[in-house]
Structure formats: C-alpha cells, structure tokens
Amino acid sequence: MIDGGGERMPDHFTATVAKQGVFEKSKDYRKICKGCRHGYHDGMWQAHHVLPGVTLQGATIAKQVNEEKAKYIENCKWITKWDLNAKDNMMGLPTIWDYILAEKIKNTGSGGEVISTSKYRSARINVLVKRLTSKFSGPKNHPAHNPVSWGHVDFNCEVTDFLKTEIWDHLNEKKEEHKINPESIKGQLDDAAKHFMSTLEARGQRGEGTEKEWPRRFDAGNDTWYHPFSMAADPENPL
C-alpha cells in the first residue's frame, strides 16, 4: 500500500496511514545541530545524533528480533511522530583535532609543532589557528567524536542494546494496529535520547575531565588520561 506521500507503507497495515516517523539522517542535520544548544560547536566540531541513525535502522533491529517482530517495530516507527534529526537528539561534539587545535592556539608563539600529523591536518589546523586565536573556545569535558575510533562503535552497540531491552522488547507484535500507542513510543525514544546525552556529558568528565587530562597525557604513569575522551562505557577498549 502507498501512503499519501508516495512512500511504501510497512506490511500488515490495513488502512492508509501517513508516515509520521523520521528515522533517517536529513541533509541539514549539521545545521540543525548547530542550533541545538547541546554540546560543543566550535573549531572542527561534528554533529552527533545522540541516538545514532544506525541503531534505529530496520536492518539493525532485524538482527536482534524475529522477522514478524521486526515488521511490527517498523510499523510502530511508521506511525510514531519522532524525528531522528530533532534538536533534542542532536549534540555537537569536538573531534580529537579540536583538543590539538586548542593546545596549539594556547601555545602560539612558543615555537614548534604541538603534534606531528598529516600535511592536510597541519594545514587546516594552521588556518584555524590564525582565524580563531582571538575567539576560539576550546572544548571542555566532551568526549571526542571520531566515527570509527574513540569508542563511537562501542557507543552505537550500547545504544542498540538499550533500545532493544528498554523499548522494542516491550512492544507486542500481537497487538492490533489501532491499539499501538505512538505517543508512548515517542516518549520512550525522547527519554532514551536524554539518557545518552547525560551519559556522554558524564563520560567527558571521567578522571579529571578532558580539559585537565589532555595536557597531562605525556606525564609518566598517567595511563588513563584518555578515558574522558572515549564515548564508550569501557574506555579501556581499543580505540
């Protein structure tokens, strides 16, 4: 069946129902994140979906439940007015390069490179140093958002498991279509986003927090300096 917007509806709907849920990244999600007022938005920051899109994809859910349950969850998502790209599911996070940038700006004029990196990174950082020196606000106690390192993959797995145990497992696929409560599902997703936003904020404060741990990363015996930079629950996992 095709809804009024031209998209194919999930199986097992018996009536035409307009799609309500948005569970895919929008083209302007970075712009939305810039005004979300959550997290960090300076330098080389990146937009982070607190509940990442990959954790809500049908393929991800299908790996956790049986086929019938997966279809039912997709039906529930279809009629749940929740937006992956809404401000309350967006959080600006620094990359590890923002911490490098902040240190370089602080040490401007002292001579020498703060870190040896690629020509591309060095050139970009040098440009930002010149442009941002007088107004740059370095990141403070935010984990590093680098999609394939610094714990992001583990964070995705953590959110995926949380959604299953706290939301999907409680949805009953035997319940008739008209008895689905999309408002309740939306509320649970909103609560999950709040939970993981607070979680990330807390992780950026592990140890002495990123701001204090970064300049001490070369100190003898300090083998836990990187903990607050990790998005993962277990910062000891390989980065």
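**Close-up views of a predicted model**

**View 1. Gln 20 sits in the segment before helix 1 (29-34).** Helices here are DSSP runs of H or I with at least four residues, strands are E runs of at least two, and both are numbered from the N terminus. This is a predicted model, where local features need pLDDT of at least 70, side-chain atom pairs count only at pLDDT 80 or more, and totals for chains, interfaces and linings use all residues. Residues are numbered from 1 along each chain as its sequence is written, and side-chain values use heavy atoms, with hydrogens and water left out. Gln 20 counts as partly exposed because its relative accessibility is 34% (buried is under 20% relative accessible area, exposed over 50%, partly exposed in between; 1.4 Å probe, protein chains only).

**View 2. Gln 20 meets a stretch far along the sequence: Ile 79 is 59 residues away.** In space, their C-alpha atoms are 4.9 Å apart. Among the residues that Gln 20 touches (heavy atoms within 4.5 Å) are Trp 78, Ile 79 and Trp 82.

**View 3. Here is the largest nonpolar core, with 31 residues.** Such a core is a set of buried Ala, Val, Leu, Ile, Met, Phe, Trp, Tyr and Cys residues joined through side-chain atoms within 4.5 Å. Helix 7 gives the largest share, seven residues. Leu 171, one of those with the most contacts inside the core, touches residues including Tyr 72, Ile 73 and Ile 185.

**View 4. Ile 96 lies in helix 4 (residues 96-106).** Ile 96 is buried, because its relative accessible area is 9%. Its contacts include Ala 144, Trp 150 and Phe 229.

Notes
Lists of a residue's contacts leave out its neighbours within four places in sequence.
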